[in-house]
Amino acid sequence: MSEMEENLRNVRMAIAEACKACGRAESDVTLIAVSKTKPSSMIREAYACGVRDFGENKVQELCQKAEELADLDITWHLIGHLQKNKVRKAVAVAAMIHSVDSLSLAEEISKEAARIGKVQDILLEVNIAEEESKFGLTADDAPAVAASVAALPNVRLKGLMTVAPYTPTPDDNLAVFARLRKLAVDIQAQNIDNVSMSCLSMGMSNDFPQAVAEGATYVRVGSLIFGERHYDI
Ligand SMILES: *Cc1c(COP(=O)(O)O)cnc(C)c1O
């Protein structure tokens with residue numbers, strides 16, 4: 001078994017175990033393999049192991065890889081901060097944009113999606129732990145933004161995303177994930193037309209089992225699948 005096969009087997013087993021422990025169906029959780037900084041050849045390898053959902057955090061890298069891998073049936077997720085001047089490129093490629101953190105960004109996405117006759121699936125990114133270094137709406141602002149986003153014609157709001165703090169004791173993040181889930185329930189309870197809160201994107205290599213325990217429907221796992229990232233700058 002190759003190293004990547006083994007990595008993927010371990011991650012999938014951990015997801016299955018976490019699902020079993022809380023009585024969820026494994027099929028409720030989609031594993032997104034976060035391939036940022038890794039070459040397309042490694043994406044092909046993961047694809048050969050059955051992965052279909054891949055996540056990138058930079059639009060340029062996303063577009064380049066999508067082009068190189070156009071022969072594969074990949075569902076691309078944009079998980080990193082999105083600048084307005086890159087929305088056109090992002091909308092052309094991404095099945096889901098996880099990182100929408102303002103109404104004006106959602107408006108730009110809707111405009112560009114309309115231009116190409118697409119309805120773009122999006123999540124609102126919420127900075128649940130209120131870390132200064134992180135992007136995302138505050139939990140207080142999210143319900144009103146959700147209501148405004150719902151009125152846009154060419155985006156479909158499907159749920160919420162968060163990047164939890166790094167912690168050596170991942171159980172600390174159970175409370176963060178629970179708060180995102182509760183926020184989704186509260187927004188769902190507003191009964192806004194055109195809004196569902198069925199997707200929760202939360203959990204990374206360090207804490208995805210905890211995220212599954214608290215209701216994640218997407219987990220975003222990079223280094224446990226592809227190995228540590230090396231940034232050569
Ligand atoms: C890089 C990244 C991940 C994956 O991180 P790992 O710790 O390598 O699993 C998940 N989500 C976002 C938003 C990221 O930028």
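Which residue has a backbone N or O atom that lies 2.8 Å from an oxygen atom of the ligand? The exercises below work towards this and related points.

This is a predicted model, in which local features need pLDDT of at least 70, side-chain atom pairs count only at pLDDT 80 or more, and totals for chains, interfaces and linings use all residues. Residues are numbered from 1 along each chain as its sequence is written, and side-chain values use heavy atoms, with hydrogens and water left out.

**Exercise 1. Describe the surroundings of the ligand.**

Step 1. List the residues near the ligand (one heavy atom within 4 Å of it). They are Val 34, Lys 36, Ile 79, Val 163, Met 204, Ser 205, Arg 220, Val 221, Gly 222, Ser 223 and Arg 229.

Step 2. Sort this shell by class, with Ala, Val, Leu, Ile, Met, Phe, Trp, Tyr, Cys and Pro as nonpolar, Asp, Glu, Lys and Arg as charged, and the others, Gly among them, as polar. The result is 5 nonpolar, 3 polar and 3 charged residues.

Step 3. Look for polar contacts (pairs of N or O atoms within 3.5 Å). Gly 222 answers the opening question, with a backbone N or O atom 2.8 Å from a ligand oxygen. Side-chain N or O atoms of Lys 36 and Ser 205 lie 2.6 Å and 2.5 Å from an oxygen atom of the ligand.

Step 4. Find the cover. On its own the ligand has 390 Å² of accessible area (Shrake-Rupley method, 1.4 Å probe), and the protein covers 89% of this.

**Exercise 2. Place the ligand in a pocket and describe the lining.**

Step 1. Define a pocket: on a 1 Å grid over the protein atoms alone, an open set of points where a 1.4 Å probe fits, with protein on both sides within 12 Å along at least five of seven lines; lining residues have an atom within 4 Å of a point.

Step 2. Locate the ligand. The largest pocket holds the ligand, where sitting in a pocket requires more than half of the atoms within 2 Å of its grid points.

Step 3. Read the size and lining. The largest pocket has about 800 Å³ of space (the volume filled by probe spheres set on the points). Among its 31 lining residues, Lys 36, Asn 57, Ile 79, Gly 80 and Met 204 are closest to the centre.

Step 4. Find the main contributor. Helix α3 (residues 59–68; a DSSP run of H or I, at least four residues) gives the most to this lining, 4 residues.

Methods: Near = heavy atom within 4 Å. Polar contact = N/O pair within 3.5 Å; in protein donor to acceptor, adjacent residues only side chain to side chain. Helix = DSSP H or I, 4+ residues; strand = E, 2+ residues; numbered from the N terminus.
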